[in-house]
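Reader: I would like to go through the labels attached to this model and hear, for each, what value stands behind the word.

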Amino acid sequence: MADDIPFDKNLNLTPDTVDEPMPGVRRVMADNPGPFTFKGTMSYIIGRGEVAIVDPGPDDPAHVAALLDAVRNETVTHIFVTHTHRDHSPAVPALKRATGATVYAEGPHRAARPLHIGEQKALDSSGDRDFMPDVRLKDGEVVTGKGWSVEAVTTPGHTANHMAYALREKNVLFAGDHVMAWATSIVAPPDGAMSDYMASLNKLVRRGETTYFPGHGPAIGDASRFVNYYILHRKAREDSILHRLGKGETDIPSIVRAIYIGIDPRLVGAAGLSVLAHMEDLVTRGLVKTDGPPAIGGMYRLAK
Ligand SMILES: [Zn+2]
């Protein structure tokens with residue numbers, strides 16, 4: 001099912017060491033491998049001498065020390081945060097204390113919609129609720145440093161506050177967890193929303209940056225083509241869900257079993273939430289019916 005996307009899992013980096021995948025862009029991978037993080041969270045360093053850091057990473061003193069070591073004798077003037085999952089933003093306070101840099105982001109952590117009555121926040125532990133930027137950026141705002149300028153690109157869907165950052169001098173986008181080379185992004189309500197996610201993918205295709213540096217995994221070249229694969233994959237997933245409903249299946253666990261063949265058992269919960277994200281979108285568009293708000297334990301049927 002996922003085979004249609006030309007995934008790239010080639011990444012031979014030693015955690016907490018710096019490399020320079022493109023002149024003027026350095027990266028340091030945190031040592032937090034896992035089913036959601038691949039080999040670790042990528043922190044990026046933009047510029048030379050007076051630099052910006054994108055996504056300081058998890059609350060891990062060794063990673064903060066590695067980042068500071070990578071910019072020794074340089075000044076960190078800006079910190080940009082793509083979103084507030086706990087593998088991306090909790091190192092911000094330590095990095096800010098050490099550097100005095102100003103922190104930029106779309107805003108604090110929030111859900112894409114209000115919680116339904118009785119709904120558990122399934123991935124609640126993944127949100128960094130302590131995060132607050134110094135400066136809240138709006139879509140299209142440009143922040144300028146020494147030798148670089150970065151444009152804020154709102155990309156809600158993976159989280160409501162997800163922001164990508166375009167490095168204008170290089171036709172590069174820091175894509176966070178919105179688009180990644182190694183796997184599809186997780187869209188899990190209530191943090192995430194599928195309709196927002198699809199709109200953000202289409203927005204990136206229209207922008208046309210050629211290279212993405214994602215929050216996890218290797219860089220993505222020919223990025224618009226890759227994003228088109230992502231869009232086709234989601235449409236195929238939607239078709240599969242409609243097909244299963246047409247066959248008489250009614251609940252999310254059965255649909256997950258039918259369409260996520262060979263999935264890592266640790267990702268079954270996330271797959272269920274991803275199907276829920278599609279259900280929310282399909283109900284809003286009038287293609288699927290359920291009783292009450294779409295829920296992970298709900299019963300679904302084609303609207304016909
Ligand atoms: Zn994330």
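Reader: Which residues do ring pairs link into a cluster?

Author: This is a predicted model, and in it the cluster joined by ring pairs consists of F80, Y104, W148 and Y165. The count of aromatic pairs comes to eight.

Reader: What makes the pair of F38 and W182 stacked?

Author: Planes under 30 degrees apart count as stacked, provided that the ring centres lie within 6.5 Å. The centres of the F38 and W182 rings are 4.7 Å apart and their planes stand at 15°, so the pair meets both conditions and is stacked. The two residues come from distant parts of the chain, with F38 in the loop between β2 and β3 and W182 in the loop between β11 and α3, 144 residues apart. Both F38 and W182 are buried.

Reader: Why is the pair of Y44 and F174 called tilted?

Author: Edge-to-face requires planes over 60 degrees apart and stacked requires planes under 30, with the rest counted as tilted. The planes of Y44 and F174 are at 55°, with 5.2 Å from centre to centre, and therefore the pair is tilted. This pair, too, links distant parts of the chain, since Y44 belongs to strand β3 and F174 to strand β11, 130 residues apart.

Reader: How do you know that Y44 and F174 are buried or exposed?

Author: Buried means under 20% relative accessible area. Y44 has 2% relative accessibility and so counts as buried, and F174, at 1%, is buried as well. F174 is also among the residues, together with F80, V179 and Y212, that touch the most other members of the largest nonpolar core, which has 67 residues. Separate from it is a second core of 17 residues, including A188, A271, M279 and L282.

Reader: Why is the site of the zinc ion called irregular?

Author: The protein donors are H83 (NE2), H85 (ND1), H158 (NE2) and D177 (OD), at 2.2 to 2.4 Å from the zinc ion. Four donors count as tetrahedral if all angles lie between 85 and 135 degrees, but the angles among these four donor atoms run from 87 to 169°. The upper value exceeds the tetrahedral limit, and the site is classed as irregular.

Reader: What spacing do the donors of the zinc ion follow along the chain, and which parts does the pair of H85 and H158 tie together?

Author: The spacing is H-x1-H-x72-H-x18-D. H85 lies in the loop between β5 and α2, whereas H158 lies in the loop between β9 and β10, so the pair ties together parts that are 73 residues apart in sequence. Set against the 20% limit, H85 counts as buried at 10% relative accessibility, and H158 does so at 7%.

Reader: Where does T155 lie, and why is T155 called buried?

Author: T155 is found in the loop between β9 and β10, and because its relative accessibility is 0%, T155 counts as buried. A polar atom of the T155 side chain lies 3.3 Å from the backbone nitrogen of A164, and the limit for a polar contact is 3.5 Å.

Reader: What makes T290 buried, and what does its side chain reach?

Author: The relative accessible area of T290 is 14%, and therefore T290 is buried under the 20% limit. T290 sits in strand β13, and its side chain reaches the backbone oxygen of M299 at 2.8 Å.

Methods:
Residues numbered from 1 in each chain as written. Predicted model: local features only at pLDDT ≥ 70, side-chain atom pairs only at ≥ 80, totals over all residues. Heavy atoms only, no water. Core = buried A, V, L, I, M, F, W, Y, C linked by side-chain atoms within 4.5 Å. Buried < 20%, exposed > 50% of the residue type's maximum accessible area, 1.4 Å probe, protein only. Helix = DSSP H or I, 4+ residues; strand = E, 2+ residues; numbered from the N terminus. Polar contact = N/O pair within 3.5 Å; in protein donor to acceptor, adjacent residues only side chain to side chain. Donors = N, O, S within 2.8 Å, 3.2 Å for Na, K, Ca; no water. Tetrahedral: all angles 85-135°; square planar, octahedral: opposite > 155°, others 65-115°. Phe/Tyr/Trp six-rings, centres within 6.5 Å; stacked < 30°, edge-to-face > 60°.
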